[in-house]
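Here's a friendly walk through one protein model and the small molecule it holds. Take a look at the structure first, then read on.

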Amino acid sequence: MKKLIFTLLCACLTTGMLFAQPAWFNDKDLTLTGAYYYPEHWDESQWERDFKQMHELGFEFTHFAEFAWAQLEPEEGKYDFTWLDKAVALADKYQLKVIMCTSTATPPVWLSRKYPEILIKQEDGTILDHGARQHASFASPVYRELSYKMIEKLAQHYGNDPRIIGWQLDNEPAVQFDYNPAAEVAFRQFLRNKYHNNIKEVNDAWGTAFWSEVYSSFDEITLPKTAQMFMNHHQILDYRRFAAGQTNDFLNEQCLLIKKHARNQWVTTNYIPNYDEGHIGGSPDLDFVSYTRYMVYGDNEGIGRRGYRVGNPLRIAFANDFFRPVQGTYGVMELQPGQVNWGSINPQPLPGAVRLWLWSVFAGGSDFTCTYRYRQPLYGTEQYHYGIVNTDGTTITPGGREFEQFMKEIKQLRTQAKAREVKPADYRARRTAILFNHENAWSIERQKQNRTWNTMAHVEKYYRTLKSFGAPVDIINESKDLSQYPVVIAPAYQMADKALVDRWTEYVKQGGNLVLTCRTAQKDRYGRLPEAPFGSMIDELTGNEMEFYDLLLPEEPGKYVMDGKEYTWNTWGEILKPGKDCHTWGKYIEEFYEGKPAISTRKLGKGSITYVGIDSTDGALEKDVLKKLYAELNIPVMDLPYGVTMEYRNGLGIVLNYSDKPYSFTLPAGAKALIGTTDIPTAGVLVFALKQ
Ligand code: GAL
């Protein structure tokens with residue numbers, strides 16, 4: 001027994017097992033694949049045919065009832081689950097498990113007519129109406145109550161049903177900027193709670209002495225208007241926190257209701273990865289978070305002339321790295337199987353691209369992918385949206401064939417895959433966290449100071465570099481333990497406090513390597529400047545003082561030189577006065593502060609702190625800074641060209657080629673190609689097994 005425990009312990013140490021195996025999924029399955037199906041859209045006589053074909057293609061689950069409130073509760077308080085029971089039974093006949101949905105995104109017409117106060121009101125006074133979807137206000141107590149009644153009935157009915165694997169709440173629940181009177185009432189209540197029912201605290205937090213904005217009671221406060229460009233941004237900050245909280249509370253309450261009745265079924269929702277909305281991960285009772293992802297919709301974010309057929313090389317990777325750390329696992333609820341209907345232009349994906357996206361989702365460590373959708377709709381808003389099958393209901397689309405191929409490949413790999421965390425030591429050694437708080441982006445975007453500043457683009461300069469290193473990246477928030485990462489990067493982390501700076505300092509002293517970048521810790525959590533030298537909250541940590549910052553016109557960028565190489569910049573540059581034990585990296589040239597540095601690094605305790613007070617035009621400087629730092633830290637990195645990414649999981653290496661050129665990959669010693677070849681074409685995939 002002792003020997004067994006020892007062996008297991010060694011296995012954990014050598015494989016770097018950091019998360020426990022997610023309880024909801026079986027490692028041996030690698031990943032599950034499913035497809036959305038709306039029984040209510042199709043003649044009942046076709047359901048069996050469709051599930052049979054779905055099963056034959058290799059799908060293992062389906063997805064029901066997402067927008068079916070009108071069919072589930074045709075009259076207030078009268079529920080009808082018979083049709084859904086039939087669909088669940090038929091799916092089961094073809095070994096398809098079911099994800100059940102709460103359908104709150106589409107309230108039935110009786111609800112909107114009898115209780116019009118549930119409808120969202122826009123800032124200009126427009127009241128949304130029945131006939132589309134997502135027109136109900138999460139702040140409306142009536143809407144919530146009626147939602148909860150319906151959900152509880154559904155959970156009572158299906159909560160103990162082993163054919164149902166899990167639940168999806170609502171659909172792409174976003175943060176609503178809703179001017180419904182109920183939202184205003186709720187906002188005042190949020191402020192009362194936050195500021196201890198003391199209006200003076202609000203006035204201090206929002207700096208209302210400025211421009212006579214002072215309030216004498218909570219009832220005078222209204223929702224901030226975006227039409228007023230100079231609206232108090234401290235108020236906007238609180239409003240955004242409140243609005244994100246409304247979505248989170250609504251989801252969490254739904255989740256708790258389901259959990260009252262559910263046995264062994266997980267609960268999640270399908271977020272759109274809008275990183276700056278600030279709600280993802282904010283409903284604590286969800287078992288994990290999932291996302292929806294569309295890759296081809298008319299904008300060319302890809303590489304080369306037809307890059308729009310393949311999509312942005314890091315779009316799925318970033319979502320993986322953002323969602324996985326929330327609870328250690330994630331799924332993808334919607335992945336397009338072909339053309340969509342809602343893009344500015346809806347081109348065909350490049351042959352192979354759908355499979356490339358599937359492998360990209362897998363590479364990040366997901367447990368499932370579901371495609372939107374199985375059948376192409378014959379009527380309604382999404383008529384031009386491809387499915388796994390064509391408008392005739394049976395002909396497999398090209399994307400459907402790519403799903404089929406992927407599912408076959410996964411089944412083949414299941415026979416030999418290792419545990420999830422079997423990953424090589426050099427890969428684990430470059431594990432890096434990016435500390436991210438959407439509130440920084442909210443705050444900076446209101447006071448950019450330079451129209452070309454883009455907070456997400458700044459973060460992506462670091463992210464893109466890390467992916468070229470072949471580094472596993474976790475995008476984390478402050479609730480996570482930093483000490484598990486050899487390197488943590490906090491880009492443009494504008495709002496901070498002493499507690500956070502103390503945590504950063506401790507992390508470094510204990511051996512961590514922290515990278516802070518420009519605009520960090522300049523404001524407190526209300527978005528106010530501390531009464532101290534500008535930006536000085538982190539001086540003790542970085543060892544620097546900031547003399548001033550400068551911003552240039554994009555047409556006339558400035559120059560920074562490091563190790564003999566020149567870089568351009570314009571959006572933000574800090575001029576540092578480094579302390580005695582700081583090493584400076586590079587200097588400004590051709591400005592009145594020529595010769596002064598923006599980058600410094602120093603050892604502190606057992607770790608190091610690097611400060612990069614400049615944002616380069618194209619990310620080249622950020623890349624070279626990280627290269628220099630990882631070399632100093634003896635962290636081995638790769639040098640993958642943009643468009644090629646690689647990850648490890650289950651003892652498998654996965655190399656993905658989003659570029660417009662073939663890529664030739666050199667296998668690590670003793671590795672064996674299992675899927676694809678080392679010459680990887682555009683939209684191609686290589687999967688290899690690590691040396692045994
Ligand atoms: C998603 C949405 C789905 C469907 C899909 C079409 O954003 O969640 O319900 O509308 O787009 O591509």
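## Where the ligand sits

Keep in mind that this is a predicted model. A good place to start is the ligand: the space it takes up is the largest pocket.

So who's around it? The ligand is surrounded by Phe 67, Arg 133, Asn 171, Glu 172, Tyr 294, Glu 334, Trp 342, Tyr 372, Glu 382 and His 385. Sort this shell by character and you get four nonpolar residues, two polar ones and four charged ones.

## Polar atoms next to ligand oxygens

Now zoom in on some side chains. Trp 342 has a polar side-chain atom 2.7 Å from an oxygen atom of the ligand. For Asn 171, a polar side-chain atom lies 3.0 Å from a ligand oxygen, and for Tyr 294 the distance from a polar side-chain atom to an oxygen of the ligand is 3.4 Å. How much of the ligand's accessible area does the protein cover? On its own the ligand has 310 Å² of accessible area, and the protein covers 94% of that.

## What the UniProt record says

The unreviewed UniProt entry marks Arg 133, Asn 171 and Trp 342 as "binding site". In the model, Arg 133, Asn 171 and Trp 342 from that set are part of the lining of the largest pocket. Want to find Arg 133 in the fold? Look in the loop between helix H5 (109–114) and helix H6 (141–158).

The unreviewed entry also lists residues 37–413 as "domain: Glycoside hydrolase family 42 N-terminal". In the model, that span is 38% helix and 10% strand, and its end C-alpha atoms lie 27 Å apart.

## Two backbone spots to check out

Tyr 372 appeared above as one of the residues around the ligand. Tyr 372 is also joined to Arg 373 by a cis peptide bond, with omega at about 15°. You'll find Arg 373 in the loop between strand E8 (368–371) and helix H12 (398–414).

The other spot is His 196. Its phi is near 50°, which is a positive value in a residue other than glycine. And where is His 196 in the chain? His 196 sits in the loop between helix H7 (181–194) and helix H8 (199–206).

Terms used
Residues are numbered from 1 along each chain as its sequence is written. This is a predicted model: local features need pLDDT of at least 70, side-chain atom pairs count only at pLDDT 80 or more; totals for chains, interfaces and linings use all residues. Side-chain values use heavy atoms; hydrogens and water are left out. A residue is near a molecule or strand if one of its heavy atoms lies within 4 Å of it. A polar contact is a pair of N or O atoms within 3.5 Å; within protein, one must be able to donate a hydrogen and the other to accept it, and residues adjacent in sequence count only if both atoms are side-chain atoms. Accessible areas come from the Shrake-Rupley method with a 1.4 Å probe; for residues, only the protein chains shown count as cover. On a 1 Å grid over the protein atoms alone, a cavity is a set of points where a 1.4 Å probe fits but cannot get out, and a pocket is an open set with protein on both sides within 12 Å along at least five of seven lines; lining residues have an atom within 4 Å of a point. A molecule sits in a cavity or pocket if more than half of its atoms lie within 2 Å of its grid points. Ala, Val, Leu, Ile, Met, Phe, Trp, Tyr, Cys and Pro count as nonpolar, Asp, Glu, Lys and Arg as charged, and the others, Gly among them, as polar. UniProt positions are given in the numbering used here, feature names are shortened, and annotations may be inferred rather than shown by experiment. Helices (H or I, at least four residues) and strands (E, at least two) are DSSP runs, numbered from the N terminus.
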